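This report describes selected features of a protein model, moving from charged side chains to strands and then to aromatic rings. Please keep the sequence and the structure in view while reading.

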Amino acid sequence: MAKNFQKPGRVHSVLVAPYAAVAGAGMQVGSIFGIANADIANGGTGELELEGVFYTAQATNAEAWTEGVALYWNDSGKLFTTTASTYRRVGFASQAKANPSTVGYVRIPVNAI
């Protein structure tokens, strides 16, 4: 192993959170996107999961998803959407989601950049 190895890279330690997030919510920190492992306070520290399938709340998202559709992160609305616009692509739907529905399954691949 390399002498400069620090830790595996599937979890990112946030040093200064740009906003508060509850456990299981998405968060974008600069170019890094992940799912909060636990509640993170605005300006606080915490950890983001950078890869996996997550069951996420979508309280204000009135759109249907098909399995495999590309998902983007709307950082101002704090939700996933199928609308590309100027949003950052972060993954895809791992299951279909009906409209209306307040939850969805999101797959964030290891190379979500």
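## Salt bridges

Two salt bridges are present in the structure, which is a predicted model. One of them joins the side chains of Glu51 and Arg10, with a nitrogen-to-oxygen distance of 2.6 Å. This pair connects distant parts of the chain, as its members are 41 residues apart: Glu51 belongs to the loop between β4 (46-49) and β5 (52-57), while Arg10 belongs to the segment before β1 (11-14). Glu51 has a relative accessibility of 21% and is therefore classed as partly exposed, because the partly exposed class lies between the limits of 20% and 50%. Arg10, at 52% relative accessibility, counts as exposed.

The side chains of Lys78 and Asp75 also meet in a salt bridge, at 4.0 Å from N to O. Lys78 is partly exposed, with 36% of relative accessible area. Asp75 is likewise partly exposed, with a value of 25%.

## The four-stranded sheet

How are the strands of the open sheet ordered? The order of its four strands is β1-β4-β3-β2, and their pairing is antiparallel. The edges are occupied by β1 and β2 (26-29); each has a single partner strand, so one side of each lacks a neighbour in the sheet. From one strand to the next, the twist averages 45°.

The pairing of β1 with β4 is antiparallel and runs over four bridges. Within this part of the description, one facing position can be located: Ser13 stands opposite Glu47 in β4.

## Aromatic pairs

Across the whole structure, a search finds four aromatic pairs. One of these is formed by Phe33 and Phe80 in an edge-to-face arrangement, with 5.8 Å between the ring centres and 85° between the planes. Phe33 lies in strand β3 (residues 32-36) and Phe80 lies in strand β7 (residues 79-81), so this pair ties together parts of the chain that are 47 residues apart in sequence. Are these two rings' residues buried or exposed? Phe33 is buried, with a relative accessible area of 4%, and Phe80 is buried as well, with a value of 1%.

Tyr55 and Tyr105 form a tilted aromatic pair, in which the centres are 4.8 Å apart and the planes make an angle of 50°. This pair also links distant parts of the chain, with Tyr55 in strand β5 and Tyr105 in strand β9 (residues 103-108), 50 residues apart. Tyr55 counts as exposed at 52% relative accessibility, because the limit for that class is over 50%. Tyr105 is partly exposed, with a relative accessible area of 30%.

## A ring cluster and charges over rings

Ring pairs join Phe33, Trp73 and Phe80 into a cluster. Phe33 and Phe80 have already been described as an edge-to-face pair.

Which ring has Lys78 over its face? Lys78 lies over the face of Tyr19, at a distance of 3.9 Å from the ring centre. Lys78 thus appears in two descriptions in this report, since its side chain also meets that of Asp75 in a salt bridge. A further lysine, Lys97, lies over the face of Trp65, at 5.0 Å from the ring centre.

Methods: Residues numbered from 1 in each chain as written. Predicted model: local features only at pLDDT ≥ 70, side-chain atom pairs only at ≥ 80, totals over all residues. Heavy atoms only, no water. Helix = DSSP H or I, 4+ residues; strand = E, 2+ residues; numbered from the N terminus. Buried < 20%, exposed > 50% of the residue type's maximum accessible area, 1.4 Å probe, protein only. Pairing = 2+ DSSP bridges. Axes fitted to C-alpha atoms, helices over the stretch in contact; angles between N-to-C directions. Phe/Tyr/Trp six-rings, centres within 6.5 Å; stacked < 30°, edge-to-face > 60°. Lys NZ or Arg CZ within 6 Å of the ring centre and 35° of its normal.
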